[in-house]
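Trainee: I am new to this structure. Please take one part and walk me through it closely.

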Amino acid sequence: LADPQEYRDSLYLDFDQLEVLGRVYVAKEGINGQINVPTDRFEEFKSYIDGSDVLGGIRLNIAVEERAKSFFQLKIKVRNKIVADGLNDETFDVTKRGKHLSAKEFNALASDPDTIIVDMRNHYESEIGHFKGAITPDVDTFRDSLDIIEEDLKDHKEDKNLLMYCTGGIRCEKASAYYKHKGFKNVYQLEGGIIEYARQVKNENIDNKFIGKNFVFDHRRSEKISDEVIANCHQCGKPCDTHVNCENEACHLLFIQCAECKEEMQGCCSVNCLEI
């Protein structure tokens, strides 16, 4: 985008008219957003997207679950980058990305013994759900994972398939180009991420290789992809995959808490926060 601020302002007016709510980031490198659209305005919204010079052809990842509104206001912000990756885009070709795979193609490559599956998300995301056999880096941010993964897999740049996935495919767009620049020969990424994978699994009756929930960055916090509960309450240790924020506003830590501990601790993450 030549002028992200100008585009942001016009987009805000258009989205507001369409009753779109959500969080959208606009940068020179493109646009990414998580939004909700009223059901009776969706076709109008889709026509707007398809007819836009900028947004025409953009991928729409439709949510797996539609329990309630994901967002309650519209925020469109101009950012230097869509994802804070810490990379200097001038040092490599960001358009030379990995090969995009459908759910069926992902499953086929995942079963190859020469494939390494890598979760490009943060530890609190993969903790409640991930693909079977995936490497799940213990990191707090996407930027932290890039160098760690390269170091861990440096001996397999030519003899293994690097198969990546993330929530909606955005982080993999940048990561796949970065790893190709770093010398990885066979780089693949899940088209549309876990969200689109789950949709294809359901619509095409494909074997689901994702276990647990998919963490999402909105009011819902997660979408159930399979019935398995693979995480545990951070306080009592029993099976649980419900993320909450500590009720102490000065803490607000994101953690996993079961219903019993939530009642006992009044939604707090520690005795200290409970006392406060």
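Mentor: What follows is a close look at the four-stranded sheet and what surrounds it. Keep in mind that this is a predicted model.

Start with the sheet itself. Four strands make it up, and the sheet is open. Their order is 4-8-7-5, with parallel pairing. Which strands stand at the edges? They are strand 4, residues 99-101, and strand 5. Each has a single partner strand, so one side of each is left without a neighbour in the sheet. From one strand to the next, the twist averages 30°.

Now look at one pairing. Strand 7 pairs with strand 8, residues 186-190, in the parallel sense. Four bridges join strand 7 and strand 8. Asn161 has Asn186 in strand 8 as its bridge partner.

A helix packs on this sheet. Helix 3 touches strand 4, strand 5, strand 7 and strand 8. The direction of helix 3 makes about 135° with that of strand 7.

Next, pick out one residue of an edge strand. Thr115 lies in strand 5. Is Thr115 buried or exposed? The cut-off for buried is under 20% relative accessible area. Thr115 has 12% relative accessibility, so it counts as buried. What does Thr115 touch, leaving out residues up to four places away in sequence? The answer is Leu109, Ala110, Asn161 and Leu163. Asn161 is also the residue whose bridge partner is Asn186.

Helix 3 has a second partner to follow. Helix 3 spans residues 103-110, and helix 7 spans residues 193-204. Two packed helices are described by the angle between their axes and the distance between the axes. Here the angle is about 100°, and the axes of helix 3 and helix 7 are 9 Å apart. Angles of 65 to 115 degrees count as roughly perpendicular. Helix 3 and helix 7 are therefore roughly perpendicular to each other. Where do they meet? Helix 3 brings Ala103, Lys104, Phe106 and Asn107. Helix 7 brings Tyr197, Gln200 and Glu204. By class, the contact between helix 3 and helix 7 has three nonpolar, two polar and two charged residues.

Now turn to the largest nonpolar core. It has 22 residues. Val118, Met120, Leu146, Met164 and Tyr179 have the most contacts inside this core. Which elements each supply at least two residues of it? Two are strands of the sheet: strand 5, residues 115-119, and strand 7, residues 161-165. The others are helix 5, residues 142-152, and helix 6, residues 170-181. Helix 6 gives the largest share of this core, five residues. Apart from this core lies another, of 18 residues. Among its members are Ala134, Ile194, Val201 and Ile206.

Finish with Met120. Leave aside its neighbours within four places in sequence. Met120 is then in contact with Phe142, Ser145, Leu146 and Ile149, among others. Its contacts also include Met164, Tyr165 and Cys166. Arg171, Cys172, Ala175 and Tyr179 are in contact with Met120 as well. Of these partners, Leu146, Met164 and Tyr179 are named with Met120 among the residues with the most contacts inside the largest core.

To retrace the route, begin at the parallel sheet, 4-8-7-5. Go on to helix 3, which packs on that sheet. Then cross to helix 7, at about 100° to helix 3. Last, come back to the core to which strand 5 and strand 7 each supply at least two residues.

How values were computed
Residues are numbered from 1 along each chain as its sequence is written. This is a predicted model: local features need pLDDT of at least 70, side-chain atom pairs count only at pLDDT 80 or more; totals for chains, interfaces and linings use all residues. Side-chain values use heavy atoms; hydrogens and water are left out. A nonpolar core is a set of buried Ala, Val, Leu, Ile, Met, Phe, Trp, Tyr and Cys residues joined through side-chain atoms within 4.5 Å. Buried means under 20% relative accessible area, exposed over 50%, partly exposed in between (1.4 Å probe, protein chains only). Contact means heavy atoms within 4.5 Å. Axes are lines fitted to C-alpha atoms, for helices over the stretch in contact, and angles run from 0 to 180 degrees between N-to-C directions. Angles under 35 degrees count as roughly parallel, over 145 as roughly antiparallel, 65 to 115 as roughly perpendicular and the rest as oblique. Ala, Val, Leu, Ile, Met, Phe, Trp, Tyr, Cys and Pro count as nonpolar, Asp, Glu, Lys and Arg as charged, and the others, Gly among them, as polar. Two strands pair if DSSP finds at least two bridges between them.
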